[in-house]
Structure formats: structure tokens, C-alpha cells
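Visitor: I am new to protein models and would like to learn how their descriptions are justified. Could you walk me through one?

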Amino acid sequence: MTHKILLNTLFASAFLLASNGVFAKDYQLGDLKISSPWARASAGPAKTGAAYIVKISNTGAKMDRLIGVAGSIAKRVETHNNIIENGIAKMRHVNAIDVHPGHATSLKPGGYHIMLMGLKAPLKAGQTFPLTLSFEKAGEIEVTVEVKKIGAGRKMKMDRSKMKH
Amino acid sequence: MKRVAYIFGIGVVVIAIGVLVLGGDDKKRSPIWDYMPRAISAVFGPKPVKEFAMIDHNMQSVTHETYTGKYLLTFFGYTYCPDVCPTGLSDISQALDILGPNAEKIIPVFVTVDPNRDTPEILKEYLENFHPKFVGLTGTKAQIDTLAKIYKARYVKMKTEDDDPGTYYMGHTSTIFLTGPDQQLITSYNRDVKPEAMALSLKSILLR
């Protein structure tokens, strides 16, 4: 009897943990710690998506730079920044994103982000996909990107599906 | 003689104020206009309401009179926008959630600058991801331009490097505009404003 309860509890906890996305991961690559890559679900028929990395920390003494991102999730994957030119918000392709020694860089909504151009299929909340990040010094690493709901806030805490209006 | 000069002087002043109040070409308007709208409307009466006509996400016609008495939080964007628009709409949604019942008089509005792709149906589906009160507006290019001009918002179609004509991006003003029950602009929030700060600001305005 207790056996069954224990097993069920284990299953339940594992399920709860998994569905809360606690497997949002941190990666270590040399002096770099890469925290929680995530993306927004894409909007309807839109073929462009955006992915972010909550933090890339450089605990080393030398500057490093994210110089490339690759993935089969879309035809083209690039790093972009948002700029405002004459009062108009635009996206600009950037070749590299610096991560200064002793500092952290964020790729976050409204700022630097990874553009997924020509999505092969719409991104759905709850799915994951791999991206390979290339750093000038630290080298390459494959990370798993979690897709959140399109309305996910900057802190990713609010889940609209649980709200009743 | 003195009397003529006196009348003439008053006439000049009235005409000058009239020019300031009624505007003229946007580019030529006096900078005083930016700083004294309340003073002027207090003395000379409310500013003329600028007219617009659009279609909402339910295919209903709306005009400048549809939302009389409400506060509008307006954001210009497009559904194919990967980053700035979902972020802005999400921020607005969170701010309204934080406000709770105080948000009753506020209607969040998403105006598309990309009517070719953003049909009412697409807008409706897109807005289901955000606050349930969100209204989506689209129309002809002329109608969108009229509304954009009222807010002094701008947008531009960007050149895409892709060979796919269906994939293009729009540059657009990403400010969030708040207008009041008299349809005049109260304030605006730049897109970096956090939802908590926006909610606080809205609360103080609503409870004035």
C-alpha cells in the first residue's frame, strides 16, 4: 500500500517539476555561465520568432563575445538589437554581443535577442529546441531553449492561462 | 487713434493665440504648444477632437466616438513583430492586472501598422494571448495614417534581406499612449517602463 503511494507521489512530483519548467537550465562553458535560454511562442502564421538568454556571466578575466548562433529551428538565426531611430523602433542585426569579464550580459525582451527567421514550424509554448551558441574564446555549446507563451512577461512569472477573468 | 491701436493690438494677440490653439502644419507649430495645452484649453475650451475611423478585431466599425468616457492605452505594432510588440502588449496586460478593479475605465488598444497581414481575424487570434480587454484596430492605410498622425506615431516598412516577400518587418513607434475620457493625450510610457511602474502611474491618474 505504502509502496503505491510512494510511487505515485514520486510520479506526481516529477510531473509537477517538469511542467513548471524547473529544468530551465544553466550551462557552464569555460568562464561563461549561460542561464535559462528561452523563446516566445510565435504568433499565428508569423515565421519569425525571438529567443533570449536570461544571463550570460563571464567569471573570467578576459572579454568574450557571442559571435554566432545556429539552429535548425529556422532558416536563419541571427543576433539582433533593438534601436530607436527618429522615434521609430527597429531591429538591427549585430555581429557580436560582448560579455565583459566580471560582468553579465542579458538577451532579453526589448534588447539584444536571437532572431529566428523563417521558422520551419510555429513555435508552441511548452516545446523545446536546440540552439548552438558560438563564443569567440569559450567555443561552442548546444543549449536547449524553452518556449514560453507569447504573452510571457519579462520575468516569465505570469502565466495567463491560469488567470480567470 | 489710440482706440484703433488698442483694437489692433488685441486683434494681433487673438490671432496669434488662435494660430497656437488651432495648430497648423505640424512642423511649423510653435514649441509653446507642447508645454501649454492644458492652460490653453482651460482658457479657450477643450481642443478639437481629432476624428478617426477603424475596424476592430470583431469586424465592427469604430470611430473617435466609440470610446468616449474611457481611457485608452494605445500601442502601435504588428502581429509578425517578434520582440517589441509581444513585450509591450504583455507589459500593458500585466499593468492592468496589477491595477485590478481600478482598470475598469481603461481600454488597451493595439493598432496594427501592417494591415496587409493583420486582418481582423488575425488580430483577434493574436490578442487572445494578452489581456482579454484588448481591442485590435486595423483599416485602410489612410485610416491607419490618420490615427498615427493623431498620436504623432510613425511607422515604416523595412527592407528585408529575405527573398520571401511575405517576410518583412515594420519599424514603428513603440511608445504606449494614454488618452483620457476627453480623448486628449494625458501621458505616454516608453517601452522600457516596467508594468509595476505603469500601474502606479495609471492609478494616480485614474484617481485624480
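Guide: Here is a short conversation about the model shown above.
This is a predicted model, in which local features need pLDDT of at least 70, side-chain atom pairs count only at pLDDT 80 or more, and totals for chains, interfaces and linings use all residues. Residues are numbered from 1 along each chain as its sequence is written, while chains are lettered from A and ligands numbered from 1 in the order in which they are written.

Visitor: How do you know what confidence chain B has?

Guide: We look at pLDDT, the predictor's confidence in each residue, from 0 to 100. Chain B averages 86, and 83% of the residues score at least 70. Over residues 24–30 of chain B, however, the pLDDT is below 50, and this stretch has 4 contacts in the model beyond near neighbours in sequence. For the model, the scores are ipTM 0.75 and pTM 0.77.

Visitor: What makes two residues a contact?

Guide: Their C-beta atoms, placed from the backbone, must lie within 7 Å. The contact between the chains takes 27 residues from chain A and 29 residues from chain B. On chain A's side, these divide into 12 nonpolar, 11 polar and 4 charged. Here Ala, Val, Leu, Ile, Met, Phe, Trp, Tyr, Cys and Pro count as nonpolar, Asp, Glu, Lys and Arg as charged, and the others, Gly among them, as polar.

Visitor: Why is α4(B) called oblique to α7(B)?

Guide: The axes of α4 (residues 84–99) and α7 (residues 195–206) of chain B come within 8 Å and cross at roughly 55 degrees. Angles under 35 degrees count as roughly parallel, over 145 as roughly antiparallel, 65 to 115 as roughly perpendicular and the rest as oblique. The crossing angle therefore makes α4(B) oblique to α7(B). Residues in their contact include Ala95(B) and Ile98(B) of α4(B), and Met198(B) and Leu202(B) of α7(B).

Visitor: What makes β3 and β4 of chain B a pair?

Guide: Two strands pair if DSSP finds at least two bridges between them. Strands β3 (residues 71–77) and β4 (residues 106–112) of chain B are joined by 7 bridges and run parallel, so they meet that definition. One of the bridges links Gly77(B) with Thr112(B).

Visitor: Why do β2 and β9 of chain B stand at the edges of the sheet?

Guide: The order of this open sheet of 7 strands is β2-β1-β5-β4-β3-β8-β9, with mixed pairing. Strands β2 (61–63) and β9 (185–189) of chain B each have a single partner strand, so one side of each is left without a neighbour in the sheet.

Notes: Axes are lines fitted to C-alpha atoms, for helices over the stretch in contact, and angles run from 0 to 180 degrees between N-to-C directions. Helices (H or I, at least four residues) and strands (E, at least two) are DSSP runs, numbered from the N terminus.
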